[in-house]
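New to this one? Here is a quick briefing to read alongside the picture.

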Amino acid sequence: KKTSLNQVFTGIMLGVIGIAIMSNPWEFTPGVVFDTRSILLCITGFFFGTLPVAITILITGCYRLFLGGAGAWTGVAVIVTSGLVGLAWRHKRKNRIRNISMNEFYALGMVVHILMLLWMFTLPWTVAISVLSKIAIPVLLIFPIGTALIAQLMSNRHANKLIKTKLKESEEKFRTLYNSSPDMYVSVSPDDAGIVLCNETLLRKTGYSREEIIGSPIFKMYHDDCLDEVEKTFQQFVKTGVI
């Protein structure tokens, strides 16, 4: 979940990427061009949500109208449809975008690009038939696969980010419990019995400062009469992990 400002920035950046993609199209006939903006838009709708995809649609749609030509409005329709299909797919999954198979991503790409081809019928009939006869098979063979591959990369990135977030939350929770416990906690290196971490309770109850404790041997904290027992207990811990 990101702030509205972050979402706006994301939408603008994706719109700029869309313009870059559309600046190097395959021109089928004057004014009728093809590129991979449909992949970008459906990926944006699926992974980034409503506000970013709306901004991306607006930017790329305006740029397509600026380019002009006979297929300008058809191109805008493809842009809007691709973004909305990705967004609808996201909402269909109730924003749960983890653990999605390549097959589902391929299906998403297939739906988007079948609809893209259907929009070709808004062109003059002879142009539409000519376009479809030459690009339908390449589009349906290549574009859904491209959609699936890019979506899988995005999904993997999302999963890795989620793991890092969970790990950070777990570490923060451990740190809170460790430091606020009424019991004295000390973490010790098994190699040399040196203290590497302690909680505030230990410092408060023993009177040591953190600088005095960290790096010193665990045996420093015990009375001479206890050292034999402490040494035996520590060796047991090193061997078994249990005290």
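A quick definition to start: patches are made of residues that have over 30% relative accessible area and no salt bridge, with nonpolar side chains joined within 5 Å. Keep in mind that this is a predicted model. With that in hand, let's look at a surface patch, a buried aspartate and some aromatic rings.

**The nonpolar patch**
- Ile114, Leu118, Phe121, Trp125 and Ile129 together make a nonpolar surface patch of about 510 Å².
- Two helices, α5 (102-118) and α6 (125-180), each supply at least two residues of that patch.
- Take Ile114, one of the patch members: Ile114 sits in helix α5.
- Ile114 has 39% relative accessibility, so it counts as partly exposed, a label for values between 20% and 50%.

**Asp35 and its surroundings**
- You'll find Asp35 in the loop that runs between β2 (32-34) and α2 (37-48).
- Is Asp35 buried or exposed? Its relative accessibility is 9%, so Asp35 counts as buried, the cut-off being under 20%.
- The side chains of Asp35 and Arg37 are joined by a polar contact of 2.7 Å.
- Setting aside neighbours within four places in sequence, Asp35 is in contact with Ile21, Met22, Pro25 and Phe143.

**Aromatic rings**
- The count of aromatic pairs comes to 8.
- One pair is Phe46 with Phe47: the ring centres are 5.0 Å apart and the planes are at 80°, so this pair is edge-to-face.
- Both Phe46 and Phe47 are buried.
- Phe105 joins the picture too, as ring pairs link Phe46, Phe47 and Phe105 into a cluster.

Notes:
Residues numbered from 1 in each chain as written. Predicted model: local features only at pLDDT ≥ 70, side-chain atom pairs only at ≥ 80, totals over all residues. Heavy atoms only, no water. Helix = DSSP H or I, 4+ residues; strand = E, 2+ residues; numbered from the N terminus. Buried < 20%, exposed > 50% of the residue type's maximum accessible area, 1.4 Å probe, protein only. Polar contact = N/O pair within 3.5 Å; in protein donor to acceptor, adjacent residues only side chain to side chain. Contact = heavy atoms within 4.5 Å. Patch = residues over 30% accessible without salt bridge, like charges linked within 9 Å, V, L, I, M, F, W, Y side chains within 5 Å. Areas by Shrake-Rupley, 256 points an atom, 1.4 Å probe, with all protein chains shown as cover. Salt bridge = Lys/Arg side-chain N within 4 Å of Asp/Glu carboxyl O. Phe/Tyr/Trp six-rings, centres within 6.5 Å; stacked < 30°, edge-to-face > 60°.
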